[in-house]
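Visitor: I would like to go through this model with you and ask, for each label used, what entitles us to use it.
Guide: Then let us put it in front of us and take the labels in turn.

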Amino acid sequence: METIYLTYPLTEDVIARCARKQVIAIGQFDGLHLGHASVIKSALRVAAEQGLPSGVMTFHPHPKEVMKKGDYEGYLTPPAEKEKIIRDMGVDYLYIVEFNDSFSRVSPQNFVSGMLMPLEIHTAVVGFDFHFGYRGEGHAGMLRELSDYKLDVAIVPPFLIEGDKVSSSNIRLDLQEGNVKQVRRLLGRPYSLSGIVMHGEKRGRTIGFPTANLKMDEHFVLPKKGVYAVKVGYEAQVLHGVMNVGVKPTFHENETVPSIEIHLLDFSGDLYGKPLAVELIDFIREERKFGSIEQLIAQITKDAETAKQILPSAE
């Protein structure tokens, strides 16, 4: 897959390099959940039927981040993870359009005539709730009309699970509630975080539970504060562990910025400076303040045993 970065308006050089008859799925696709996957798979199917290359057009940064509105608190799938998932789906071209204040003011007509048509897109594949252009005034049904009927358009219906629409907003709400098992159903895979192990307070090792202090490498959406059973990708290994997301109230009174600490089960070694990929498998309990170190140790021991019961069955 070739990844191509675009800015509006397109330059002549970009048009000369990228213009080709192609089938493109268009959307923000944050989360790349099962609904998004259905749109991209539809584009792949149409491309195969027409004998054309397939593409995905997405936007970065997230429009809500640029416009400073809505419930935006980070990415479900930051750019690097999104790119990997799309590549694994077998897409030929990934177009990442820079979303900035100027682009947010582009009219629906100019988006079609100045972005889609110069790329010679044959078929645009979008979700039923796709909106585009200034203030989201353009909708899926307008794409063909605004292209003077030169653009074929395929509109993909909502993806439902037990009658409910799969959506990024629902996934964000489930993460806020710690409902990571439901998030896994909507994504079609566990929710994951990634980052680099940094030096922390080193308190865990003094109580018999050394932890890896994870500094995230992207602006991920954080789940609810609490303790989770997790699987951790480290080099070529998949390790089991317990992750705490929170402010460590037993030791801190006024901390507001949550940290991520992972205790790996049955592992010893130096992880400082190493990248880890963490999959959230299940929520164990909420974060709380303990009256003594002994109470904390007893609870961490219990959490580790709970994780040992949960994780093998999640293979």
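Visitor: Which residues line the largest cavity?
Guide: In this predicted model, the largest cavity is lined by Gln28, Thr58, Phe59, His60, Tyr75, Thr77, Pro78, Pro79, Lys82, Glu83, Leu94 and Ile96. Among the elements that each supply at least two residues of that lining are β3, α4 (79-88) and β4.

Visitor: What makes it a cavity, and how much space lies in it?
Guide: A set of points is called a cavity because a 1.4 Å probe fits there but cannot get out. About 80 Å³ of space lies in the largest one, and a search of the whole structure with a threshold of 30 Å³ or more finds two cavities.

Visitor: What, then, makes the other space a pocket?
Guide: A pocket is an open set of points, with protein on both sides within 12 Å along at least five of seven lines. The largest pocket holds about 1300 Å³ of space and has 45 lining residues, of which Gln28, His62, Pro63, Asp129 and His131 lie nearest its centre. Gln28 is thus named in this lining and also in that of the largest cavity. Helix α2 (34-50) gives the most to the pocket lining, with four residues, while α3 (63-67), α5 (101-104), β6 (131-132) and α8 (168-176) are among the elements that each supply at least two.

Visitor: Which residues of α4 are buried, and what do they pack against?
Guide: The buried residues of α4 are Glu81, Lys82, Glu83, Ile85 and Ile86, and they pack against β1, α2, β3, β4 and β11 (191-198). After α4 comes Gly90, with a positive phi near 95°.

Visitor: Why is Phe29 called buried, and Arg135 exposed?
Guide: Phe29 has a relative accessible area of 4%, and buried means under 20%, so Phe29 qualifies. Arg135 has a relative accessible area of 69%, and exposed means over 50%, so Arg135 is rightly called exposed.

Visitor: What makes the backbone of these two residues worth a remark?
Guide: Most residues other than glycine have a negative phi. Phe29, in the loop between β2 and α2, has a positive phi of about 55° although it is not a glycine; Arg135, in the loop between β6 and β7 (138-139), has a positive phi near 55°.

Visitor: How do you know that the peptide bonds leading into Pro9 and Pro61 are cis or trans?
Guide: Omega is near 0° for the bond from Tyr8 to Pro9, which is cis, and omega is likewise near 0° for the cis bond from His60 to Pro61. Pro9 is placed in the loop between β1 and α1, and Pro61 in the loop between β3 and α3. Most peptide bonds are trans.

Visitor: Why is a group of residues called a nonpolar core, and which members of the largest one touch the most others?
Guide: The name applies because the members are buried residues of the nonpolar kinds listed for a core, joined through side-chain atoms within 4.5 Å. Of the 32 residues in the largest core, Leu6, Ile26, Met57, Phe111, Met115, Leu116 and Leu143 touch the most other members. Helix α6 (108-116) is one of the elements that each supply at least two residues, and α6 gives the most, with four. A second, separate core of 30 residues includes Val180, Leu187, Val230 and Leu280.

Visitor: How do you know that α10 has the length expected of a helix?
Guide: Helix α10 (residues 293-310) has 18 residues, which at 1.5 Å a residue should span 26 Å; its end C-alpha atoms are 26 Å apart, so the two values agree.

Visitor: What makes you say that the buried residues of α10 line one face?
Guide: The buried residues are Leu296, Gln299, Asp303, Ala304, Ala307 and Ile310. Seen down the helix axis, they fall within an arc of 145°, so they line one face of α10. They pack against β13 (226-234), β14 (237-246) and β16 (275-286), whereas the face turned away from the buried side carries the exposed residues Glu294, Lys302 and Gln309.

Key. Residues are numbered from 1 along each chain as its sequence is written. This is a predicted model: local features need pLDDT of at least 70, side-chain atom pairs count only at pLDDT 80 or more; totals for chains, interfaces and linings use all residues. Side-chain values use heavy atoms; hydrogens and water are left out. Buried means under 20% relative accessible area, exposed over 50%, partly exposed in between (1.4 Å probe, protein chains only). The expected span of a helix is 1.5 Å times one less than its number of residues. The arc is that of the directions from the helix axis to the C-beta atoms. Contact means heavy atoms within 4.5 Å. On a 1 Å grid over the protein atoms alone, a cavity is a set of points where a 1.4 Å probe fits but cannot get out, and a pocket is an open set with protein on both sides within 12 Å along at least five of seven lines; lining residues have an atom within 4 Å of a point. Grid points are joined across faces, edges and corners, and a volume is the space filled by probe spheres set on the points.
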